[in-house]
Number of protein chains: 2
Amino acid sequence: MGITKTALFNDTQNELALYAKVIGHPARVAILQHLIQTNQCITGELVGELGLAQATISQHLKELKALDLIKGTVEGTAVCYCINQAKWLEVRALFLDFFDTFPINNCC
Amino acid sequence: MGITKTALFNDTQNELALYAKVIGHPARVAILQHLIQTNQCITGELVGELGLAQATISQHLKELKALDLIKGTVEGTAVCYCINQAKWLEVRALFLDFFDTFPINNCC
DNA sequence: GATATTAATCGTAATATTGCAATGTAACAT
DNA sequence: ATGTTACATTGCAATATTACGATTAATATC
């Protein structure tokens, strides 16, 4: 059906899944990495860097912005994007929590 | 088109996105968490725990197994699943790397 | 062997995602 | 004012994902 039954799961599970999903595309990973490395950049730079059409990049940026992972400010005709540090640290903590609990022993 | 242009991105980006994608569903998050907490469990237990149909759970388990995140061994009519610790640590390192590099200063 | 139990697989429907061309919009430039 | 530049949005096609009923395969039990 293509629709996820979020009601069956708790908030942490849904939240983690939501952020994992947005990271779950190499273009969005590349955008985040680029923003981290350069601290900021304009959309045109990303369109040049990655090999995707402008409309596609814009769409990926929209998804990252929807989850508040990045911020954008208009600078003339250009738009400057950067990581939303507060959110980044929040999501980072979410993943660290998830990965820090791991089984010591194997079985099966 | 629904198809990701993986050729445009580097191995790390594609790998991270791939694992993020599989974590990007609350049912699979719940399965992983349950396996971590109980160290191991059979499919039927998961079907009882989460509120999804047996076929759906089986499908999610298949995806986790496809990425080698979990292992399953047949035990009579049941199948016992557990975390593949080696892979778990590998993926964990991938995400720690990704999140450990973050910008000190904000902009925009 | 017949039958129950457990889980994987198949088939299908509904929805989501990815990607881009075309178009729209806002700010700047001349 | 007109054109230009930089992005966003719209509309669409192709593919992927989610979910489940029905069926199948494998092992137990009687």
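**Legends to the close-up views**

**View 1. Surroundings of B:Asn14.** Leaving aside residues up to four places away in sequence, B:Asn14 touches A:Pro26, B:Thr6 and B:Phe9, where a contact means heavy atoms within 4.5 Å. The model is a predicted one, in which local features need pLDDT of at least 70, side-chain atom pairs count only at pLDDT 80 or more, and totals for chains, interfaces and linings use all residues; side-chain values use heavy atoms, with hydrogens and water left out. Residues are numbered from 1 along each chain as its sequence is written, while chains are lettered from A and ligands numbered from 1 in the order in which they are written. B:Asn14 belongs to helix 1 (residues 11-23) of chain B; helices (H or I, at least four residues) and strands (E, at least two) are DSSP runs numbered from the N terminus. With a relative accessible area of 18%, B:Asn14 is buried. Buried means under 20% relative accessible area, exposed over 50%, and partly exposed in between, with a 1.4 Å probe and protein chains only.

**View 2. Surroundings of B:Lys87.** Helix 5 (residues 85-100) of chain B holds B:Lys87, which counts as buried at 14% relative accessibility. Not counting residues up to four places away in sequence, B:Lys87 touches B:Tyr19, B:Leu67, B:Asp68 and B:Leu69. B:Ala30 is 57 residues from B:Lys87 along the chain, and their C-alpha atoms are separated by 18 Å.

**View 3. The largest nonpolar core, at A:Phe95 and B:Phe95.** A nonpolar core is a set of buried Ala, Val, Leu, Ile, Met, Phe, Trp, Tyr and Cys residues joined through side-chain atoms within 4.5 Å. The largest one has 64 residues, of which A:Phe95 and B:Phe95 touch the most other members. Apart from residues up to four places away in sequence, A:Phe95 has contacts with A:Leu16, A:Tyr19, A:Ala20 and A:Ile23, and also with B:Phe95 and B:Phe99.

**View 4. Chain B superposed on chain A.** Two copies of a chain are related by a rotation about an axis and a shift along it. Here a rotation of 180° with 0.0 Å of shift along its axis brings chain B onto chain A, with an RMSD of 0.1 Å. The two copies are thus related as by a two-fold rotation axis. The superposition is by least squares on the C-alpha atoms of residues with pLDDT of at least 70 in both copies. Of the interface residues of chain B, 100% are also interface residues in chain A, so the copies meet through the same surface.

**View 5. Protein surface near DNA strand C.** Of the 30 residues around DNA strand C, those that come nearest are A:Met1, B:Met1, B:Gly2, B:Lys5 and B:Tyr81; a residue is near a strand if one of its heavy atoms lies within 4 Å of it. By class, the surface has 11 nonpolar, 14 polar and 5 charged residues. Ala, Val, Leu, Ile, Met, Phe, Trp, Tyr, Cys and Pro count as nonpolar, Asp, Glu, Lys and Arg as charged, and the others, Gly among them, as polar. At least two residues each come from helix 4 (54-66) of chain A and from helix 3 (43-49), helix 4 (54-66) and strand 3 (78-83) of chain B. Helix 4 of chain A gives the most, with 5 residues. Of the strand C atoms within 4 Å of the protein, 60% belong to sugar or phosphate and the rest to bases.

**View 6. Polar contacts to phosphate oxygens of DNA strand C.** A polar contact is a pair of N or O atoms within 3.5 Å; within protein, one must be able to donate a hydrogen and the other to accept it, and residues adjacent in sequence count only if both atoms are side-chain atoms. An N or O atom in the side chain of A:Lys21 is 3.1 Å from a phosphate oxygen of strand C. For a polar side-chain atom of A:His60 the distance to a phosphate oxygen of the strand is 3.1 Å. B:Thr43 places a backbone N or O atom 3.3 Å from a phosphate oxygen of strand C.

**View 7. Protein contacts of DNA strand D.** The side chain of A:Lys5 has an N or O atom 2.5 Å from a phosphate oxygen of DNA strand D, and in the side chain of B:Thr56 an N or O atom is 3.1 Å from a phosphate oxygen of the strand. Helix 3 (43-49), helix 4 and strand 3 (78-83) of chain A, together with helix 4 of chain B, give two or more residues to the surface near strand D.
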